[in-house]
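Subject: Structure handover

Hello,

Here is the structure for you to take over. Please open it first, then read the notes below it.

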Amino acid sequence: FPFPYTPYLIQERFMAALYSALEAGRVGIFESPTGTGKSLSLICGALTWLRDFEEKKQQEEARLLGLEERGQEGKKGLTSAEPGHSDSKDTAGEPDWVTAFVQKKEERDMVDRLKEEQIRRKKREDRLEKIRHNVQLKYAAKRKRSEEDETKHLLQLSKEVLSEGAGVDVLEQLDHNEEELILAEYESDEEKKVVSGLEEDDDDLEEEHVTKIYYCSRTHSQLSQFVHEVQKSPFGKETRLVSLGSRQNLCVNEEVRRLGALQLINDRCMEMQKNKHEKKNDEGMEGKKRRVSRTVCPFYSYEQMQFLRDEVLIEVKDIEQLVTLGRETKACPYYGSRYAIPAAQLVVLPYQMLLHEPTRNAAGIKLKDQVVIIDEAHNLIDTITCIHSAEVSGSQLCCAHSQLLQYMERYRKRLKAKNLMYIKQILYLLERFVAMLGGNVNQNPSCQAVSQTGTVLKSINDFLFQSQTDNINLFKVQRYCEKSLISRKLFGFVERYGGSATAVKTNKENQKLAGLQNFLVTLQQGSDKEGDPPVEAENDQFRTASPLMQIEGFLSALTNANQDGRVILNRQGTVGLSSLKFLLLNPAVHFAKVVEECRAVIIAGGTMQPVADFREQLLSCAGVDPARVVEFSCGHVIPPENILPIILCSGPSNQQLEFTYQTRDLPQMMDETGRILCNLCNVVPGGMVCFFPSYEYEKQVYAHWEKTGLLTRLATKKKIFQEPKKANQVEQVLVEYAKCIKRCSQAGGQMTGALLLSVVGGKMSEGINFSDDLGRCVIMVGMPYPNIKSPELQEKMTWLDKTMPRAAGQAPSRVLIENLCMKAVNQSIGRAIRHQKDFASILLLDHRYARPAIFNKLPQWIRERTQVKPAFGSAFAELRKVRTCILCTA
C-alpha cells in the first residue's frame, strides 16, 4: 500500500482487511482507536483498491474489445449461418439461432457501451489535462466573465433609463411586488414530471457515474480534516475528489446567506432556480401580459459551473477552498460540486446527505455498485433516528394555521382550485393536530391551559384515526408542499405583512391581515415570562424560521410504516408549550437501501464497542446476510506501559463505589469521590478530566464539595474548571484550561495543573483531544445509564423486546441500556490517548465495571490492560509508580 511514511503494523493490517472487504463486497465494522492514523489507513487502503479495480476493469474492457475486433474479421469469410443448425433447439425450447442472436445482441450492446464509455473517459481526461497545464484557458475564462458582467451592467443601465418617466399604475406595481408570493398553478402529482435543477441544460449531466467511494463523517470540520489528509497522502495529486455540503456552507450569494436558517436558504435558492426556468419560458410568449421580473441567482450560471466542476476535478479542494473558488469564478459551489459527482473517484459529504434518501436523490448521489465509508460511526443508529424524527410545538401549529388562513383569504381570488384544495387540507390537518393537544387553533396557544397533562404514545395509524385525518393522503400533501414551495411563499408573506412596523394601505384585504399581526404580537407577549424583550429581537426570531417548514418535516415523518415509529403527544401546561413528536423506532428501514445498492459499506470509528447494536438493530433488521458482515478491531500504537486503566471498587475510607440513582446522592458517596480526586491531584501531573453522568449530578456534587470545604482542598493543587452548557463558551474554557496547565508546568510550585469537571455526552466527551498534559488522567464517576423513565426509551425497549431475539439469556431491552451506557463511557475515556508517545491513566469509579458483561464491552486495547482494584490503596500505589516513571523519563 502506498503510504506517506512507514506505516505501523496495525495500519497495514487495517488496510489489508479493508481491501479484502471492498474486494469481496462486504459490510465491514472497523474499529481503530484515535491516534492510530485511521483516516490515512482508510484513504490509502480504499484508494489502492479503487486504483486496482479500475485497472482490472480497463484490462477486461480491452480484452472484450479485442475479441469483438477478431470476431468481425472472422465474419468476413462467412455469408450465412450453417443450415444444419437451423432446427435444433436448446433446453428452454428456443431454436439455437434465436439464442445465439440474443446472446450476440447483448454482447454487441455491451461492446457499444464500452466504446462510448471509453470515448467519454478520454474526452474528460483530455479536458482536465488541458486545463491542468494550460494557464491561458483560465485567463480566457476570467476575461469572458468580466465581459459578461460589463454587458449585464450596461443592459441594466439602459433599462433604467428607458423606465424613467414612464407612468406606471401604482396599483399594478403593488400587484407586481406581490407576484412572487402567489403560488404557481399546481399540476396534479402524476400529471407532470417536474424537471429539477439543471437537467434541461445539457446532456453532460447524463454522464455515467464512475466507480467511486463515498466518504461521510459527522461534521464539516471532520470532513475538511479528512480532505487535508488526502492532500498529504500519495494519492493527493491523482485523485478526483469533490466535497459536498449544505447550501448553508456552500452558498456564495450574500443576499441568500443572510437568511441564516438552513430551510430558508434552501427554499430561497430553489425559488430563484424556478424563477430562472419561468423566465426562459416567458421569453417566448409574445403578445401576452408581461410578467413581473423575478430575482434569479447571478451565480447559477451553467457555463461558469462547468468551469468550476473542472477546477474541482483537477485538484483536491476542501469546502473552504471550494467556496473561495466559487466567489472568484462567480459560480455556485453548491451546484457546481454536484456536476463533478459523476466523474469523481472520491466524494466527501456529511452523514445526513447520504443517509436521508430525498437529500441523496436531490444531490444526484447514485449508490448502485458504489462503495460507502461511514466514519465516526459510533452514533450511526442515533443519527439515522434523529434525521427521520420530527417535533412540532402547539405554538408552531397555531401560528402556521393563522398565517396560512390569512394568506388564503388575501389571495383566494388569485389561487387556482388545486392550490386552494391543498391549502384547506393543510389547515384541516393543523386544526386536528392542535385538537389532539387539547386546544383550539382560533385561540392564543399560550393562554389555553391543557386539562390532562402528561405524555401519551400512539402508533401512527391510531394517531391519524383519533385525529380524524386518516382520510387525507399525506404522501400527496407532502409532495405538494415540496413542489409548490408553499412554506417559502408563506414566509415571504409573513415577512411583508407580519410585522407591526409595515405600512400597508387600509382596504378590506389588509384589514384581514391585522388579525395575523395581532396574533403574532400576542404570541410574543405570551411566550415572554421574564420581561418584554425588544420587538426587533422577536421579529428576528420569526424571520429565521417558518413554523410551516417544521410542520412539513412532521407530515413527512407520518408517512413511515405504522410499525416503524410512534407519535408522542406531550401535553405540558398550555397548548403552546405542548408538542407532537414522531419517534423512529426502526432505523434499519432507512439504512436498508444503502446496504442493498452499494457494492460494499464500511462502518468505521475510533470506538465501535459494543458492536452488537450495529449487527442486530441496523444490519440484521436491514436484511443483511450475517455472512456478508465482517468485523475488524485493532489495538493501539502506544506501548502497554503508557496506559493504566483501573476499575476502582472502593474509595480511601473503604466506601464501596456504586453510583446508582438510589446511592449516588448520599453525602458519603459524594465525599468519597472528593477524597479520591484529592489523592489523585497529589500524584497526577498536568490536566485531569473528570466525567459525571449528567449536568445535574455534576452541579449537585460541586455544590456539596463547596459546602464541605473539599473544593478548597482540591483547588490548592489544581485549578478547577467546569464544562459550560452553552456551546459558544466551550472554546474559551478549553483555552483557559490549557493555559493554566502550561503555566503550572513552567512555573513549578504547589499548583500542578488543572481539573476539568465534564459531563458524559456533553461538549467535552466527543471530538475534543485531551492529548499530552491536557489529559494525564481521565476519571469516570459511576455508570452513565440513560434515563429509563423516558417515554421514548421505554417505547424503544418495548419494541426491541417484541422484534429482537434474546441474546445470551438477556432481554434485548437490557442489552440496549448497557450498550448505550458503555458507548458513552468508551467515547469519554478515549479522549486522553491521542498519539503514539502519549500516556495517561483511566479510572472507572464503580465496582459494576468489573462484571463480565460490562467489562467485555470496553474497547479491546483498553480491556486487555485494565486492572481491577478492590481497594484504593493498591490502585494509588500503581498511580504513584506511574508518576515515578514519568519523573525518571523527564
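Which helices each supply at least two residues of the lining of the second largest cavity? They are helix H25 (612-620) and helix H31 (812-829). Bear in mind that this is a predicted model.

Now the rest of that site. The second largest cavity has a volume of about 80 Å³. Its lining includes Ala612, Asp613, Glu616 and Gln617. Leu800, Met804, Pro805 and Ala807 are also among the lining residues, as are Pro812, Val815, Leu816 and Asn819. By class, this lining has 8 nonpolar, 2 polar and 2 charged residues. Where does the cavity sit? Domain 1 (9-66 + 598-633) and domain 3 (643-887) both give residues to the lining, so the second largest cavity lies between them.

Next, the cavities as a set. The structure holds 5 cavities of 30 Å³ or more. The largest has a volume of about 130 Å³. Its lining is made up of 14 residues. Nearest its centre lie Cys251, Cys269, Cys297, Cys332 and Tyr335. Helix H9 (262-283) and helix H12 (333-339) each supply at least two residues of this lining. H9 gives the most, with 3 residues. The lining of the largest cavity divides into 11 nonpolar, 2 polar and 1 charged residues.

Back to H25, which also packs against another helix. Helix H24 (residues 588-597) and H25 pack at an angle of about 80°, and their axes are 8 Å apart. H24 is therefore roughly perpendicular to H25. On the H24 side, the contact is made by Ala588, Phe591 and Val595. They meet Gln617, Leu618 and Leu619 of H25. This contact has 5 nonpolar residues, 1 polar residue and no charged residues. Note Gln617: this residue is in the contact with H24, and it also lines the second largest cavity.

One more helix pair is worth opening. Helix H26 (residues 667-683) and helix H27 (residues 695-708) pack at an angle of about 80°, with axes 10 Å apart. That angle makes H26 roughly perpendicular to H27. H26 brings Pro667, Met670, Asp671, Thr673, Gly674 and Leu677 to the contact. H27 brings Tyr697, Gln700, Val701, His704, Trp705 and Thr708. By class, the contact of H26 with H27 has 6 nonpolar, 5 polar and 1 charged residues.

Over to you.

Best regards

Terms used
Residues are numbered from 1 along each chain as its sequence is written. This is a predicted model: local features need pLDDT of at least 70, side-chain atom pairs count only at pLDDT 80 or more; totals for chains, interfaces and linings use all residues. Side-chain values use heavy atoms; hydrogens and water are left out. On a 1 Å grid over the protein atoms alone, a cavity is a set of points where a 1.4 Å probe fits but cannot get out, and a pocket is an open set with protein on both sides within 12 Å along at least five of seven lines; lining residues have an atom within 4 Å of a point. Grid points are joined across faces, edges and corners, and a volume is the space filled by probe spheres set on the points. Helices (H or I, at least four residues) and strands (E, at least two) are DSSP runs, numbered from the N terminus. Ala, Val, Leu, Ile, Met, Phe, Trp, Tyr, Cys and Pro count as nonpolar, Asp, Glu, Lys and Arg as charged, and the others, Gly among them, as polar. Domain bounds come from an automatic or database domain assignment. Axes are lines fitted to C-alpha atoms, for helices over the stretch in contact, and angles run from 0 to 180 degrees between N-to-C directions. Angles under 35 degrees count as roughly parallel, over 145 as roughly antiparallel, 65 to 115 as roughly perpendicular and the rest as oblique. Contact means heavy atoms within 4.5 Å.
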